[in-house]
Amino acid sequence: RAYLYHNSTYLGGVHHFHTNGTLQLAIEQGHVRVKNDNSRLQIGAGNDLQLYHDNNGDSYIYNSTGHLTIVNNTSGKVINLQPKSGANGIIARYEGAAELYHNGNKKFETTSSGAKITGTATATGSLIVGSGNDLQFTRSGGNTEIQNYSGTLLFGNASSNLNNVLIRGRADENSIICIPDGSVELYYDNS
C-alpha cells in the first residue's frame, strides 16, 4: 500500500511518499531525501544511473551503461575528490593540471609541458624515455641496464657546470673521474 502525505504549512511545504507504512521519499525545505539505507535514486529509462547509501555506511554512484562523466564548466573552479574530509585525493583543474595526492600531499601533477613528481617514483618495470622508446632503464635479474636505441648516449655536465663527472664501481670507490677543462683519471681499487 502506498500513499502521499502533503502539508503545505510545515517547514515551507512537505511531501512524503510512504509504502507499506514506511517513509521512502521526502521533499522537505526544497531538498529531495531518500530516507532509507539501500534505497536508490534511479535515473534513466533503464535505471542506468543510481545513487544510494547502504546500511554498512558506504555510498555509491553506480553507472550501468556508457561513460560516467563529471563536468565542471566554471572558470577557476576544480573537481575535487577527497577520500577524507579536507584531504585532497584527486583535483582536476579547469583548463589546467590534474593532480594526485597521498594523504593530502600533492605527489603528481600534469603540466603544460608534461608532468611533475614530488618525492620518490618507484618503477617495477622499465622506465622508457622518448617518443620512439629510444632510452630504457631496466632492472632485471639483479642487474641495472641503461639501453640507448637511437643517437649518441652522452653523460656529462652542462657547459656552465664545472663540477667533475664521476663513475664509481662502489659508492665509496672512484673508477673514472672526468675533470672539466682538464684530465681524465682512471683508478684501480680507488687508487
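The following paragraphs lead through two antiparallel sheets, a nonpolar surface patch, several loop residues and the salt bridges of this predicted model.

The smaller element numbers introduce a sheet built from three strands, which is open and follows the order β5-β6-β7. Pairing within this sheet is antiparallel. Strands β5 (40-43) and β7 (59-63) occupy the edges, and because each has a single partner strand, one side of each is left without a neighbour in the sheet. From one strand to the next, the twist averages 10°.

The pairing of β5 with β6 can be followed residue by residue. Strand β6 comprises residues 49-53 and is joined to β5 in the antiparallel sense over four bridges. On β5, L41 has L51 of β6 as its bridge partner, while I43 is partnered by L49 of β6. The connection between β5 and β6 is a hairpin with five residues between the strands. Within the turn, G44 adopts a positive phi of about 105°. The loop between β5 and β6 also holds N47, a residue other than glycine whose phi is nevertheless positive, near 55°. N47 has a relative accessible area of 31% and is therefore partly exposed, since the partly exposed class lies between the limits of 20% and 50%.

Residues of this hairpin also take part in a feature of the surface. A nonpolar patch of about 800 Å² is formed by F17, L25, I27, V32, V34, L41, I43, L51, I61 and L68. L41 and L51, which are bridge partners, both belong to the patch, as does I43, whose own partner is L49. At least two residues of the patch come from each of β3 (22-28), β4 (31-34) and β5. L25, one of the patch residues, lies in strand β3. Its relative accessibility is 31%, so L25 counts as partly exposed.

From L41 one may look across to G151, which is placed in the loop between β15 (143-148) and β16 (165-170). G151 and L41 are 110 residues apart in sequence, and their C-alpha atoms are 59 Å apart in space. With a relative accessible area of 67%, G151 is exposed, because the exposed class begins over 50%.

A second open sheet contains five strands in the order β8-β9-β10-β11-β12, again with antiparallel pairing. Its edge strands are β8 (78-81) and β12 (114-117), each of which pairs on one side only. The twist in this sheet averages 15° from one strand to the next. Strand β11, covering residues 105-111, runs antiparallel to β12 and is joined to β12 by four bridges. Across this pair, F108 stands opposite I117 of β12.

Between β8 and β9 (90-93) lies the loop that contains N88. Leaving aside neighbours within four places in sequence, N88 is in contact with N80, L81, Q82, P83, Y101 and G104. N88 and Q136 are 48 residues apart along the chain, with 33 Å separating their C-alpha atoms.

Charged side chains provide the next topic. Side chains of opposite charge can pair when their charged atoms come close. Across the whole structure, a search finds four salt bridges. R93, E99, K106 and E109 are linked in a network of such bridges. Within the network, K106 meets E99 at 3.7 Å, N to O, and K106 also forms a salt bridge with E109, where the closest N and O atoms are 3.4 Å apart. What is the degree of burial of K106? At 31% relative accessibility, K106 counts as partly exposed. Its two acidic partners, by contrast, count as buried: E99 has a relative accessibility of 3%, and E109 one of 15%. Both assignments follow because buried means under 20% relative accessible area.

Another salt bridge joins D172 to R170, with the closest N and O atoms 3.2 Å apart. Here D172 and R170 are both exposed.

The walk through the model ends at D189, in the segment after β18 (184-186). D189 has a positive phi, near 55°, although it is a residue other than glycine. The relative accessible area of D189 is 56%, so this residue is exposed.

Definitions and conventions: Residues numbered from 1 in each chain as written. Predicted model: local features only at pLDDT ≥ 70, side-chain atom pairs only at ≥ 80, totals over all residues. Heavy atoms only, no water. Pairing = 2+ DSSP bridges. Axes fitted to C-alpha atoms, helices over the stretch in contact; angles between N-to-C directions. Patch = residues over 30% accessible without salt bridge, like charges linked within 9 Å, V, L, I, M, F, W, Y side chains within 5 Å. Areas by Shrake-Rupley, 256 points an atom, 1.4 Å probe, with all protein chains shown as cover. Salt bridge = Lys/Arg side-chain N within 4 Å of Asp/Glu carboxyl O. Buried < 20%, exposed > 50% of the residue type's maximum accessible area, 1.4 Å probe, protein only. Contact = heavy atoms within 4.5 Å.
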